[in-house]
Structures are given as C-alpha cells and as structure tokens.
Amino acid sequence: MNKIVVILVACATLLSCKEQAQQAKVVASVSAASEDSLMIDQLIAQSLETYDNNAQPFDNYLKEAEDMARKSNNSGHLFQIYTLVGQRLRNKSYYSEAMMMLQKALQIAEESKNKQFRTNAYNQIGVIYRRIDENPQALDMHMKALQLAEEINDSLSLSKAINGMGNVSIAMERYHSAIEYFRRGLLISKQMNNVLGMAINTNNIGEAFMKLNQLDSAMHYYFRSLDYNTQINSRVGQSICYNSIGSAYIEKQQNRLALDYLLKALEINLEIEDRMLIAVSYTQIGKTYLNDKLPNQAIIYLDKGLQMAMEIGSKYTAEEAAALLSEAYEQKQFYSRSLEYYKLATTFKDSILNEKNIFHMASIEAKYNNTLQKLQIDELNKEALLQKTLLSKQRSFLATLIILAIVLIISVVLIVIQGRLRSRFKNLRFQQRLLRSQMNPHFIFNALSAIQVFILENDMDKSSRFLANFSKLMRHVLRSSNYEFIPIHEEVEMLQYYLKIQQLRFSPPFSYEIIQSDEIKNNKVVIPPMLIQPFVENAIEHGLKALGEGGNLIIRILKNSNDMILEVEDNGLGIDYHDQLSQREKKHESMAIKITQERLSILSKDTNKRTHLEVFDKKRKDPFERGTIARLTLPLTIQETPKSTLR
C-alpha cells in the first residue's frame with residue numbers, strides 16, 4: 001500500500017514538472033514576441049525622428065525593423081513599414097517605387113483580412129494614381145476605400161477617400177461634384193477636429209472654384225487653408241497654398257503678386273524635395289514671365305518644369321508646361337520650336353482625354369450590345385423572309401408535280417409537313433427571343449428614370465450605391481437575355497439587385513422577402529429570365545408607392561407536384577383601387593402583363609404543358625385584407641447542366 005502511494009506521488013510530481021516546463025516555454029515565447037514587437041516600435045520611432053529630406057526613404061532603421069518583423073511573422077509592423085516607405089517615396093515623386101511598396105502593404109492587408117489596413121492601402125495607392133493622372137484607377141481605389149471605411153466606421157479614412165474622389169472629379173472636370181465631395185470631407189474633419197484635414201479640404205474647394213473661374217471664392221478658401229497649415233506648421237501645406245494663391249493672382253493678371261507667392265512656394269519645395277510641387281512651381285513661375293512678355297526667363301523655368309513633370313509621369317503638368325513653351329517660342333518667333341512643343345502638349349492632352357473616355361466605356365458597350373441585338377433581329381427577319389420565299393417556290397413546284405404522279409405528291413406532302421413543323425418550331429423560338437428583347441428595354445427605361453431622380457437631387461451617396469447595384473443588375477439582365485432558361489438562383493439574384501435599387505427610392509424603404517421551397521433550392525431548376533420582374537415592378541409602382549410607408553412585398557417560388565408556382569404579393573392599395581387610375585397607367589401595367597401572357601403561351605406550346613396567370617385583389621377573398629397577388633403557374637423544368645452562367 002505504501003509503495004502504491006509513493007508511486008502515485010512520484011507520478012504527480014513528474015506531471016507537475018512537465019506542466020510547469022510547458023508553461024515556462026509559452027511564457028518565454030510570448031515574452032520574446034513582446035520584446036521583438038517593442039524593439040520594432042523603437043526602430044520605427046527612431047526612423048521617424050532622424051528622417052529628413054536628404055535621408056533614404058528605406059533607411060537602416062526600417063530595414064532592421066523589416067527583418068525582425070519578417071522573422072516574427074508580424075504582419076501589422078510589416079504593413080506599417082511598407083506604408084511609411086511608400087509615403088516617403090511618393091512625397092519625393094518616386095511613384096513607381098512607391099507603388100511597389102504600397103502593393104506589398106496591400107497584399108499583407110488582404111492576406112490578414114484587415115479592413116483597416118486595406119482602407120489605408122487603397123487610399124494611398126489612389127493618391128499615386130491621381131498624381132500621375134491615372135484617374136480611372138484612382139477613382140476605383142478611393143471607391144473601395146470609401147466602402148470599407150463606411151463598414152468599419154473609420155471617419156479619418158472616410159474623409160481621405162471622399163477627398164480623393166473630389167480630386168478625381170476635378171481631374172474629370174466635374175467641378176460642382178468635386179465641391180460637394182470636399183465640403184463633406186471638411187465637415188467630417190471639423191467633427192474630428194482634424195486641422196490637417198480642414199487645411200486640405202479648404203484648399204481643394206478653392207481649386208474647384210478656380211476651375212469654375214470664380215477667383216474671389218477661390219482666394220477666400222486658399223487663404224483659409226494657408227491659415228490652417230500655418231497653425232500646424234505644415235511646410236508642404238504652405239507650399240501648396242502659395243502655389244494656389246500665385247495661380248489665382250496670375251488669372252487676375254497681377255503677375256508681380258503671383259511671382260512673390262510662387263517663389264515662396266519654390267523655396268519650400270526645393271527644401272522638402274517634392275518633385276511634383278517643384279514642377280508645378282517652375283511651370284507657374286514661367287507662366288508669370290510669359291504674361292509679362294519675358295519669354296527668355298519664361299523658357300528657363302518652363303523647361304525645368306517640363307523635364308521634371310516628364311520624369312515623374314505627371315501628364316497634366318507636362319501638358320501645361322509644353323503648351324506654355326510653345327507660346328513662349330512663338331513670342332520669340334521661333335515657329336519651328338513652337339510647333340514642336342505644341343505637338344508635345346497635344347500628345348499629353350490626348351493621353352489624358354483617352355483616360356477620361358474609359359468612364360464612358362460601360363455606356364458605349366451597352367449601346368453597342370443593343371445595336372448588335374437589333375442587327376441580329378434584322379438578320380433573323382431576313383432569314384425568315386428568305387425561308388418564306390423558298391417555301392412559296394416549293395409549293396409552286398409541287399403544284400405542277402401533282403399532275404405527274406400521285407406517289408410523288410404523297411412524298412412531297414410529307415416533306416412539306418415536316419418543313420412546316422420545323423418552321424413552326426423556329427418561329428416559336430424567334431417569338432420567345434423577340435418578347436425577351438421587349439422586356440429588357442422596358443425594364444431598363446424604368447431603372448434609368450429612378451437613377452435620374454437621385455442625380456437631380458444631388459444625392460451622391462445614394463447615386464453611387466444606386467449605380468453600383470444598377471451596373472451589376474445590367475450585367476445580369478444583358479447576359480440572361482441570350483438564354484431561354486437560366487438557373488432559378490440567378491433569377492433570384494437579379495430580383496435582389498432590382499429590389500435593392502427600388503428600396504433606395506423610398507423613404508422609409510419598403511420591406512421584402514423571397515421565399516423558396518426546399519425542392520426548388522436543392523434541385524437544378526431553371527426558369528425563363530425576367531419572368532417575375534414585371535409583376536414585382538407593378539407591385540412597387542402601383543401598390544407600395546402610393547402606400548407611402550409600411551410597404552411589404554413577398555415573392556414565393558414554390559413546387560406543386562410537377563408545376564412551379566410563382567407568387568408576387570403586396571400590401572398596397574389593391575388592383576380594384578388601381579382600376580380607377582388613369583388610362584395611361586393602366587396601359588403601362590397591361591403591357592407588361594400582356595407580354596408575360598404571350599411568353600407563357602409560347603412556353604406552353606414549346607413544352608406542351610399547362611401554364612396559367614391570374615392577378616386578383618386580396619379583398620375579394622378576405623374583406624379585411626389589402627393588396628394584390630399575382631400568381632404564375634408553369635411547368636417545373638430541371639436542367640442537369642444549365643447553359644447559363646452569369647458569374
């Protein structure tokens with residue numbers, strides 16, 4: 001007995017020692033990681049303290065910090081290091097190297113799934129794209145940052161994204177939109193007491209007014225920005241303000257005052273070595289000398305500005321400097337040199353304009369697709385006419401052959417019957433496509449009308465969200481129109497995009513629910529595209545819209561034996577009340593119902609199965625109910641390998 005006790009005590013002691021050893025290892029590991037993190041913080045702080053304009057952006061402190069962060073797999077510190085180096089390179093106008101660093105930071109942010117990091121990286125990359133006049137890419141980056149900042153409620157990143165979108169709007173010559181973006185950013189900066197943000201946004205508002213040739217308003221905001229920058233002792237901000245004020249005085253034809261401010265800006269820019277701002281200063285100083293009819297002095301500064309702008313890839317500044325050099329050589333009557341620089345300026349301008357045209361590609365592509373569909377329909381009409389002509393000739397030929405032999409008559413009759421069956425089948429397919437082509441323009445017209453409302457109300461936030469959802473919906477609609485059947489989940493996805501768009505039009509928005517039976521969800525069920533949407537649209541426009549608030553819409557997709565039941569139910573005013581509306585509204589609604597009835601009729605002929613449509617007021621079955629139910633019955637179609645894929 002004593003031996004057993006001794007053994008148990010020995011085992012317990014051994015286990016306790018092992019546990020203590022494991023705990024000691026864990027504590028040591030955590031302690032080492034903590035020490036590494038503290039050391040990396042100290043190295044980054046040392047880099048910030050010792051960094052000046054003559055130092056390398058990626059100095060030895062940051063390289064050592066990077067090495068330690070890699071060994072300890074510290075993604076947060078790696079992101080901080082690459083972002084800091086990218087900002088330093090960007091401020092020196094080394095945009096290619098800066099982009100490489102920020103792309104590394106973005107990769108870390110995406111791998112760690114850190115939304116805060118991704119927001120910061122998108123904004124930083126957007127700034128580089130703006131500086132080299134790659135406006136479409138800049139807008140895309142700032143838009144992504146804006147969406148993430150709203151998700152995580154990050155006011156500072158939100159302000160930066162809005163400011164960036166405003167700058168892109170200026171580059172795209174949408175100055176009023178830019179002012180609204182900057183004012184929104186200014187409001188957020190004031191709420192956060194962010195003086196730097198207030199300085200940036202006031203200067204940008206002045207820039208937009210400058211583009212609108214409202215010089216007094218521009219000067220007012222420039223001097224407000226200068227006060228903010230002086231308050232926080234921002235040399236870069238002061239330089240930007242001096243350049244802006246100088247440019248405004250040039251437009252006021254007060255060249256001496258302009259030159260005073262531009263020379264102050266150049267002095268600061270040479271000190272901080274920001275090549276972008278140096279190029280702007282050289283160009284504007286050259287412009288003042290040119291206005292004073294001093295082309296020799298102007299050429300000296302303009303040539304420096306052009307060379308530096310070309311080195312850093314700033315197309316806008318390069319285009320302005322080249323145009324001014326052309327004018328300077330024209331004043332000197334050196335017409336060949338003047339023509340040379342004029343051609344160079346035109347090349348830069350065309351490059352910028354080509355980038356702007358990217359924003360019109362979506363609408364151009366949509367127009368092209370519509371034109372292509374019309375051409376296809378015309379081609380089918382020609383083919384049908386040709387077939388009809390051939391059939392007519394065959395009948396004439398058969399009529400002459402009937403006299404020759406009864407056997408030949410029977411053979412020819414069989415051929416004709418077979419040809420007619422094929423022709424009927426083709427006509428059914430053609431009518432189905434024709435009816436779908438009627439549905440899509442009708443739907444697109446109503447959606448575009450909704451977008452117009454937000455644009456007229458100048459609600460940029462809703463307009464952006466509306467257009468984003470609308471573009472996704474349009475892609476689904478345009479692609480689905482090429483197929484006779486699509487998977488049911490894709491039809492539901494299109495309905496969800498459409499309902500999100502419609503919800504934005506209502507304040508407060510109506511609610512909706514899409515109910516699917518398990519048999520529908522778990523099988524590869526297909527459905528004719530855009531079959532449910534007309535009834536959803538009628539329910540919203542003629543039921544829920546007049547209701548004002550408390551609107552509710554229910555869409556049911558159910559299985560009943562070998563049939564599929566589609567129901568659209570609303571709690572609106574009801575179809576009986578709607579019968580009292582104007583003839584124009586009745587005609588609008590009946591057209592959608594008529595087209596759907598024709599589609600169901602063709603589907604019934606095609607499948608040789610029953611289809612049915614009924615629309616009734618809920619009061620007819622229950623006097624205490626309110627609203628309308630539209631119910632479609634069609635054969636349940638399961639396709640093992642769906643032809644459509646809209647992803």
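A residue is called exposed when its relative accessible area is over 50%, and buried when that value is under 20%. With these two cut-offs in hand, the predicted model shown above can be read helix by helix.

**An exposed residue and a nonpolar patch**

Ile406 has a relative accessible area of 63%, and because this is over 50%, Ile406 counts as exposed. This isoleucine belongs to helix 18, which covers residues 406-457. Together with Ile410, Val413, Leu414 and Ile417, Ile406 makes a nonpolar patch of about 490 Å² on the surface. When looking at such a set of residue numbers, it helps to recall that an α-helix has 3.6 residues a turn, so residues three or four places apart point the same way.

**Two buried residues**

Thr119, a residue of helix 5 (residues 115-131), has a relative accessibility of 0% and is therefore buried. If its neighbours within four places in sequence are set aside, Thr119 is in contact with Ala145, Leu148, Ala149, Ile152 and Ser157.

Leu277 lies in helix 13, which is made of residues 275-291, and with a relative accessible area of 11% this leucine is buried, because the value is under 20%. Not counting residues up to four places away in sequence, Leu277 touches Val236, Ser239, Ile240, Asn243, Asn269 and Ile272. The C-alpha atoms of Leu277 and Ala309 are 9.5 Å apart, although 32 residues separate the two along the chain.

**Helix 2 and its two ends**

Helix 2 runs over residues 60-71, and the distance from the first C-alpha of its 12 residues to the last is 17 Å, which is close to the 16 Å expected at 1.5 Å a residue. At the N-terminal end of helix 2, Asp59 acts as a cap, with a side-chain oxygen lying 3.3 Å from the backbone nitrogen of Tyr61. Within helix 2, the buried residues are Leu62, Ala65, Glu66, Met68 and Ala69. After helix 2 comes Asn73, which has a positive phi.

**Helix 8 and what it packs against**

The 18 residues of helix 8 should span 26 Å at 1.5 Å a residue, and the C-alpha atoms at its ends are indeed 26 Å apart, so the two values agree. The buried residues of helix 8 include Tyr175, Tyr181, Phe182, Leu186 and Ile188. The buried residues of this helix pack against helix 7 (155-171), helix 9, helix 10 (215-231) and helix 19 (460-480). Just after helix 8, Asn193 takes a positive phi, and this asparagine sits in the loop that leads from helix 8 (175-192) to helix 9 (195-211).

**Residues with a positive phi**

Most residues other than glycine have a negative phi, and the table gathers three residues for which the value is positive.

| Residue | Phi | Place |
|---|---|---|
| Asn73 | near 55 degrees | follows helix 2 |
| Asn193 | near 55 degrees | loop between helix 8 and helix 9 |
| Lys293 | near 60 degrees | loop between helix 13 and helix 14 |

Are the two loop residues of the table, Asn193 and Lys293, buried or exposed? Asn193 has a relative accessibility of 60% and counts as exposed, because this value is over 50%. Lys293, placed in the loop between helix 13 and helix 14 (295-312), has a relative accessible area of 61% and is therefore exposed.

Notes:
Residues are numbered from 1 along each chain as its sequence is written. This is a predicted model: local features need pLDDT of at least 70, side-chain atom pairs count only at pLDDT 80 or more; totals for chains, interfaces and linings use all residues. Side-chain values use heavy atoms; hydrogens and water are left out. Helices (H or I, at least four residues) and strands (E, at least two) are DSSP runs, numbered from the N terminus. The expected span of a helix is 1.5 Å times one less than its number of residues. Buried means under 20% relative accessible area, exposed over 50%, partly exposed in between (1.4 Å probe, protein chains only). A polar contact is a pair of N or O atoms within 3.5 Å; within protein, one must be able to donate a hydrogen and the other to accept it, and residues adjacent in sequence count only if both atoms are side-chain atoms. Contact means heavy atoms within 4.5 Å. Patches are made of residues with over 30% relative accessible area and no salt bridge: like charges are joined within 9 Å, nonpolar side chains (Val, Leu, Ile, Met, Phe, Trp, Tyr) within 5 Å. Accessible areas come from the Shrake-Rupley method with a 1.4 Å probe; for residues, only the protein chains shown count as cover. A salt bridge is a side-chain nitrogen of Lys or Arg within 4 Å of a carboxyl oxygen of Asp or Glu.
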